[in-house]
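User: Could you take a close look at one part of this structure for me, the open sheet, and then walk me through whatever stands out around it? I'm in my first year, so plain words please.

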Amino acid sequence: MRSTRAGIFAAALALAAAAPGAAYANDGLLALSKNPNNWAMWGGTYDGARYSQLSQINRDNVRRLQVAWTFSTGVLRGHEGGPLVIGDTMYVHTPFPNKVFSINLADQTINWSYVPKQDPDTIPVMCCDTVYRGLAYADGRIFLQQADTTLVALDANTGKVLWKSVNGDPKKGETNTNSPIVIKDKVYTGISGGEFGVRGFLAAYNVADGKLAWKAYSTGPDDEMLIDPEKTTEMLKPVGKDSSLKSWKGDQWKIGGGTTWGWYTYDPELNLIYYGTGNPSTWNPVVRPGDNKWSMTIFARDADSGMAKWVYQMTPHDEWDYDGVNESILADIDIGGSKRKVLVHFDRNGFGYTLDRVTGELLVAEKYDPAVNWATHVDMKTGRPQVVAQYSTHQQGEDVNTKNVCPAALGSKDQQPAAYSPKTGLFYVPTNHVCMDYEPFKVEYVAGQPYVGATLSMFPAGRVMNDGTDNLGNFIAWDAATGKIVWSLPEQFSVWSGALATAGDVVFYGTLDGYLKAVDAKTGAELWKFKTPSGIIGNVNTWTHGGTQYIGVLSGIGGWAGIGMAAGLEGDTEGLGAVGAYKALSRHTQLGGVLTVFALPD
Amino acid sequence: MLERVAAVLLAGYLPLAAANDFPTQARVEFVLSCMQAMGGQSYDTLYPCVCELDRIASVLSYAEYTQAETLSFLYSTPGERGGIFRDAVSDARKRVEELEALRESARAACVVKRLKAPGSQ
């Protein structure tokens, strides 16, 4: 066995996990995530802050960043998420077919790779490209959530399959794109397929053997949602009996959507896991009267039992496809002179929410894009958005084209996660600045068939705001205590990459035209940029190896052309460094998306 | 002479003073992938590719080129995500088509004849 830091960690964790009744996976992973030399989970840490304590790369020297190494994944299509780093080892994932690579950071050789066999019939039922947002690590294991819903545990040292569990059925439109997360002895995952009438859920599987521990649906009877009518609260009040059933016509909740394809965060002190649910099915609101609970909802659940502690529905009776799946970042901030344990959530509906994460109390709800017009404001007593009739696709009705609604269906922000710097107290948010015309139409549900029921057309928000601008995105800094934009950088294209904030007072994000950018955390001033091989929809991550801080990001957007030159240069370099059994694994022979890694020169 | 300049300008071939700002990385990337597409590295592929790039860079600034190129990538992205660009950039199709037309005219103006093996066509 190689005597690497990762190896030793893994061995220690494996021993710990073997002890009966021990919950060391949590402690081990918690310790790994708190060590800024690692990037141990999607958000860096359980709070999803995407903040690193590392400061070797800082505001003054970031302009000297240069490429340290690159790795081509061999897969086309959009590359979301980012690599994990545990000690001396990096784990890289890809879009469908969801390959996994273990890379030795000492020399960038590949330790192992895992290529699952998946039915290509999964591809057509994935609504929005064949993306995958990344792996989870714990206990010497890598957890891979395949597109075809298979959840796989791999031995982190060898890549050998330890167990597989089937989480859904692609024939019914159920697929997965989310990154799983591990808490204690369980691994949590969700489901995609709101556009196919899939009923969303959060599922917890045992880390040890992959057996389902519990499943909590987003809609339906209380017991199936793991909701206690008396104890589960919304806006500090018990939700009451049959809170979901009463909010749907008939048994529409069975195909009600509320899928769970976003990011999950966790508070170890409160032992609560936080996530959001997606749109109700169909996109035609006229045929599904009611609040459609609990679609479009932030859930806070007990990580052990799955019981819901509190819920908050951002968009009751969605009429615009404003999925509520975006990440909930956990932070402790001053509000009105007192330190509050909050959760900050930038919803697709264009409101930035600050809630007390202990109780679910709504503290702040303000627009984080001035273009947002579908609601005037959120009523702070009821928590309900005050919908503007002119932009209500329901009130306008079926086969009526509701015009100039802001934001568009993709939201003021989609899944690309924001970052939070406790140093500046600011949240850094990649956004869309796009509006739409929306026309609902009648559609019948057929399992495994698209269940959309609306046609859309989209345009720059500047056309509605009438301010002469045509940028489709902004990168903003947000004050979650007051609900105000601190600064806003216009971007020609929407910003679909996850942000990173660091103790070096630098914030990183990627753009669709392929630039990785570094800006000043206080002022937003651009400090550095680099053109990667393709557009960036991945998350920027950072780690150290051998005392050097690295910044890494995947590039690669949809379609053949979107991979840039990575394919074009392939032929000539085949054979370079390709030896023996690892020929197929040589980084020189991988086509497709590219991980570009940066460091300061020696 | 002036007439000739005007004619060339209309044809879109003459260098405009404002452009020619492609950075080294972009030039190398363009030429290498162009050579690859033409069958590999040789002087027969180097010269037409350099010529093609010079012509494009003389018409478009690097920022304009990058935007048009990005649009052409996003155009092929499936579903709602590609839709945002097919829809939201009012002249997206026009810009993608203009870039393609510029490339084609540059290619046509940059042909380097290749020696043929006896008997080949």
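**The open sheet in chain A**

Analyst: Let's start with the sheet itself. In chain A, four strands line up in the order 12-13-14-15 to make an open sheet, and their pairing is antiparallel. Strand 12 (181–183) and strand 15 (212–217) of chain A each have a single partner strand, so they stand at the edges and one side of each has no neighbour in the sheet. Ignoring direction, neighbouring strands here are turned by 20 degrees against each other on average. Keep in mind that this is a predicted model.

Now zoom in on the middle. Strand 13 (residues 186–189) and strand 14 (residues 201–206) of chain A pair up over four bridges, in the antiparallel sense. To see the pairing residue by residue, find Tyr188(A): across from it, in strand 14 of chain A, is Ala204(A).

Next, what links the strands? Between strand 12 and strand 13 of chain A there is a loop, and Lys184(A) sits in it. Lys184(A) is no glycine, yet its phi is positive, near 50 degrees. Why point that out? Because most residues other than glycine have a negative phi, and most peptide bonds are trans.

Leu226(A) does something similar: it isn't a glycine either, and its phi is positive at about 50 degrees. You'll find Leu226(A) in the loop between helix 3 (222–225) and strand 16 (233–234) of chain A. Is Leu226(A) buried or exposed? Its relative accessibility is 15%, and the cut-off for buried is under 20%, so Leu226(A) counts as buried.

That leaves the peptide bonds, and chain A has cis ones to show you. One joins Phe96(A) and Pro97(A), with omega at about 15 degrees. Pro97(A) has its place in the loop between strand 5 (89–93) and strand 6 (100–104) of chain A. Another cis bond runs from Cys406(A) to Pro407(A), and there omega is near 0 degrees. Look for Pro407(A) in the loop between strand 28 (402–405) and strand 29 (419–421) of chain A.

Finally, glance over at chain B as a contrast to the sheet. Chain B has six helices and zero strands, so to speak a run of α-α-α-α-α-α along the sequence. It has 121 residues, and 39% of them count as buried. Take the contacts in chain B between residues at least 6 apart in sequence: 62% of those join residues at least 24 apart. Chain B exposes about 7,100 Å², with carbon and sulfur atoms supplying 59% of that area.

Note on methods: Residues numbered from 1 in each chain as written. Chains lettered and ligands numbered in written order. Predicted model: local features only at pLDDT ≥ 70, side-chain atom pairs only at ≥ 80, totals over all residues. Heavy atoms only, no water. Pairing = 2+ DSSP bridges. Helix = DSSP H or I, 4+ residues; strand = E, 2+ residues; numbered from the N terminus. Axes fitted to C-alpha atoms, helices over the stretch in contact; angles between N-to-C directions. Buried < 20%, exposed > 50% of the residue type's maximum accessible area, 1.4 Å probe, protein only. Contact = heavy atoms within 4.5 Å. Areas by Shrake-Rupley, 256 points an atom, 1.4 Å probe, with all protein chains shown as cover.
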